[in-house]
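Student: I'd like to go through the charged pairs and a surface patch here, and hear the reasoning behind each label. Can you show me the chain?

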Amino acid sequence: MTVQNVDKTLSRKQRLQEKQRRQLSVVDTVDKAEGKVRKAEAELAVAVTEAVQVFGDEQSASEALDMSVEAIRRFLHMARNEAADADTPAEAAAQS
């Protein structure tokens, strides 16, 4: 039984097409993962906002969540931006 190297039997064009196919597959995988990260960050921003409300302030939430105040503020900022973005299309539609 002889094992052949697939790359040697493919033409240059075929090897290039296969390389491009693998690259596109990797880009697609990264794009999907980025989407999941954005969704998770948005959910975390909502949860952090709720934690700040429950614990009373950023410092207390920071201590309770074992998260830096800077991270708390980043998620609060993210939640405010998400809320503002969600309000913008509705306002634009209402004005139309």
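Tutor: Sure. Glu18 makes a salt bridge with Arg22, with 3.9 Å between the closest N and O atoms. Keep in mind that this is a predicted model.

Student: Why is the contact between Glu18 and Arg22 called a salt bridge?

Tutor: The cut-off is a side-chain nitrogen of Lys or Arg within 4 Å of a carboxyl oxygen of Asp or Glu. Glu18 and Arg22 have their closest N and O atoms 3.9 Å apart, so the pair counts.

Student: Where do Glu18 and Arg22 lie?

Tutor: Both are in helix α2, four residues apart, or about one turn of the helix. Glu18 also meets Arg21 in a salt bridge, at 2.6 Å from N to O. Glu18 and Arg21 sit three residues apart in helix α2, again about one turn.

Student: What makes Glu18 partly exposed?

Tutor: Its relative accessible area is 28%. Buried means under 20% and exposed means over 50%, so Glu18 falls in between and is called partly exposed.

Student: And how do you know which label fits Arg21 and Arg22?

Tutor: Same test. Arg21 has 47% relative accessibility, so it lands between the 20% and 50% limits and is partly exposed. Arg22, at 45%, is partly exposed because that value also lies between those limits.

Student: What about the pair Arg73 and Glu58?

Tutor: Their side chains meet in a salt bridge, 2.6 Å from N to O. This pair links distant parts of the chain: Arg73 is in helix α4 (residues 69-95) and Glu58 in helix α3 (residues 58-65), 15 residues apart. Arg73 is partly exposed at 46%, and Glu58 is partly exposed at 26%.

Student: Which residues do salt bridges with shared partners join into one network?

Tutor: Glu18, Arg21 and Arg22. A search of the whole structure finds four salt bridges, including the ones we've discussed.

Student: Now the surface. Which residues form the nonpolar patch?

Tutor: Val54, Phe55 and Leu65, with about 270 Å² of accessible area together.

Student: Why is Val54 called exposed?

Tutor: Exposed means over 50% relative accessible area, and Val54 has 62%, so the label fits. Val54 is placed in helix α2 (residues 12-55).

Student: And what makes Val54 eligible for a patch?

Tutor: Patch residues need over 30% relative accessible area, and Val54 has 62%, so it clears that bar.

Note on methods
Residues numbered from 1 in each chain as written. Predicted model: local features only at pLDDT ≥ 70, side-chain atom pairs only at ≥ 80, totals over all residues. Heavy atoms only, no water. Patch = residues over 30% accessible without salt bridge, like charges linked within 9 Å, V, L, I, M, F, W, Y side chains within 5 Å. Areas by Shrake-Rupley, 256 points an atom, 1.4 Å probe, with all protein chains shown as cover. Helix = DSSP H or I, 4+ residues; strand = E, 2+ residues; numbered from the N terminus. Buried < 20%, exposed > 50% of the residue type's maximum accessible area, 1.4 Å probe, protein only.
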